[in-house]
Amino acid sequence: MSDSDWRQLIVRLMNFIGGQWCEPIEGRYDLDYNPATFEVYAEVPDSSEQDLDLALNAARNAFKTWRLVPAPARGEMLFRVAHMLEERKEDLAKKMCLDMGKVLVEARGDVQEGIDMAYYMAGEGRRTFGQTTPSELLSKFAMALRDPIGVAAIITPWNFPMAIPTWKIFPALVTGNTVVFKPDSKAPVLAYELVKILQEAGFPKGTVNLVFGQGKTVGEAMLADPRVDLISFTGSTQTGRHIAAKAGEQLKRVSLELGGKNAIIVLNDANLDLAVDGIVWSAFGTTGQRCTACSRIIVQEGIHDELKERLLDRMKTLKLGEGRNESVDVGPLVSQEALNKVERYVAIGRGEGARLEIGGERWNQGADSPGWYYLPTLFTDVNPSMRIAQEEIFGPVLSMIKVKDLDEAVRINNQVTYGLSSSLFRKIPPRKRGMADLTQARA
Ligand code: NAD
């Protein structure tokens, strides 16, 4: 692609406040880079507290009327959103590759999660049931209805730039809340596209507001502002801990989805073809930048060496490159900071005495691929207490831990501050066979 073609991709994004697209009041912008090429992909408002102030006023005003719109009517707007997302799926997926580097097949999946969420929450407009309860008092009727809470501050990361905002915004809207949305400025284009779709679907002015900006300015101001009733956050454990404390001061409702140190356990009798597929997809999909990415393989000793060899064979075939190229398996990391963190942890792993089997360095092939690439990396001889086996790296780095049996595997699986997700590859014992047969019959 020539220089001039790339320049055409540059978009100057705007905030969306009270139904209007607007420039940030102080006129400052950050740059959003395509992590595969370092080309500037978008200019993103670096908003101030003044922009947030307008958005919160708009959201509070809109709440007065939006809360009274019947829930099924709110849901119908989300059906329109679902259709628009479906129509634009391919375009959105390609934009996502440029915006934050994930490969096309995963970007399509990310948009699909948004589509599924739109249908799910649209239906919820007809399912926000309350409860009736027998009363112990004569002539009393006891019931509980679902009421909206107010203004929801939605703070999201860059790694699932369509799916995660939809998990938060759609439920808030269908239940009658209004929204001020602050996405991460490292992947702003999908947030912009999503809000455009919500506008086109007919959400009244002020129900959805978008304020781009930094966590330390716009994000912090959201936490402290009494006009925010509820905070829904996905991001790092460190930021989540801070948000929970700040929200607690004002007794705001808060929902947090944070980081993890995920494991896959593989026992001697596992189907290794399945296990290798699962490990490679989980550890290196989205370049390891998923909250549920596998970063520890806990493997029973009888199968350890064979699994290692099979993994190495597969890892050698993984193709790195720009996400929009359909033949690419692993894209770049999102930023220089993310790359530095991976390099730091690989050095820590080596220093701790783990054995580096493959990877362990940046990958670049001249001018065509200058991006923030790092080779899929495998450590063996990893002790469960090493930092590479304890801390979230958020990159394509996998640690293999050898164990005697399932009990030891489960103990090590749980020996981290927060596991988030884990899975087990083993032969299913006979007493569970019926369930396995049923699963196969349905497939
Ligand atoms: P991060 O915490 O640095 O940033 C996430 C968001 O919070 C961004 O929008 C950022 O601007 C904002 N933010 C930062 N500081 C803030 C502050 N002081 N006040 C208010 N907002 C602030 O997260 P990250 O490192 O960019 O994202 C990756 C992390 O997200 C990983 O730890 C990953 O595991 C986690 N994650 C979790 C899930 C899940 O569902 N559990 C899903 C995806 C990502």
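## Reading strands and a helix in a predicted model

Trainee: What kind of model is this?

Mentor: Welcome! This is a predicted model. Let's begin with a strand and its neighbours.

Trainee: Happy to. How many residues of strand E11 are buried?

Mentor: A useful habit is to look at each face of a strand in turn. E11 covers residues 230-234, and five of its five residues are buried. On one side you find Leu-230, Ser-232 and Thr-234, and on the other Ile-231 and Phe-233, with both faces covered.

Trainee: Which strands pair with E11?

Mentor: For pairing, look for bridges and for the sense in which the strands run. Strand E8 (residues 151-155) pairs with E11 in the parallel sense, over four bridges. In that pairing, Ile-154 has Ser-232 of E11 as its bridge partner. Strand E12 (residues 253-257) also pairs with E11 in the parallel sense, over five bridges. There, Val-254 in E12 stands opposite Ile-231.

Trainee: Is the β-α-β unit of E11, H9 and E12 right-handed or left-handed?

Mentor: Follow the chain from strand to helix to strand. E11, helix H9 (residues 237-249) and E12 form a right-handed β-α-β unit.

Trainee: Let me try strand E13. Are its two faces covered or uncovered?

Mentor: Both are covered: Asn-262, Ile-264 and Val-266 are buried on one side, and Ala-263 and Ile-265 on the other. That fits the count for E13 (residues 262-266), where five of five residues are buried.

Trainee: What stands opposite Ile-264?

Mentor: Take each pairing separately. E13 and strand E14 (residues 294-300) pair in the parallel sense over five bridges, and Ile-264 stands opposite Ile-297 in E14. To get from E13 to E14, the chain passes through helix H10 (residues 272-284) in a right-handed β-α-β crossover. E13 also pairs in the parallel sense with strand E18 (residues 422-425), over four bridges. In E18, the residue opposite Ile-264 is Ser-423.

Trainee: Now a helix, please. Why should the twelve residues of H7 span 16 Å?

Mentor: Each residue adds 1.5 Å, and the span counts one less than the number of residues, so the twelve residues of H7 (residues 189-200) should span 16 Å. Its end C-alpha atoms are 17 Å apart, which agrees.

Trainee: How many residues of H7 are buried?

Mentor: An α-helix has 3.6 residues a turn, so residues three or four places apart point the same way. H7 is mostly covered, with nine of its twelve residues buried. Among them are Val-189, Tyr-192, Glu-193 and Ile-197.

Trainee: What follows H7?

Mentor: Gly-202 follows H7, and its phi is positive, near 105 degrees.

Technical notes
Residues numbered from 1 in each chain as written. Predicted model: local features only at pLDDT ≥ 70, side-chain atom pairs only at ≥ 80, totals over all residues. Heavy atoms only, no water. Buried < 20%, exposed > 50% of the residue type's maximum accessible area, 1.4 Å probe, protein only. Pairing = 2+ DSSP bridges. Right-handed = clockwise from strand over helix to strand, strands pointing away.
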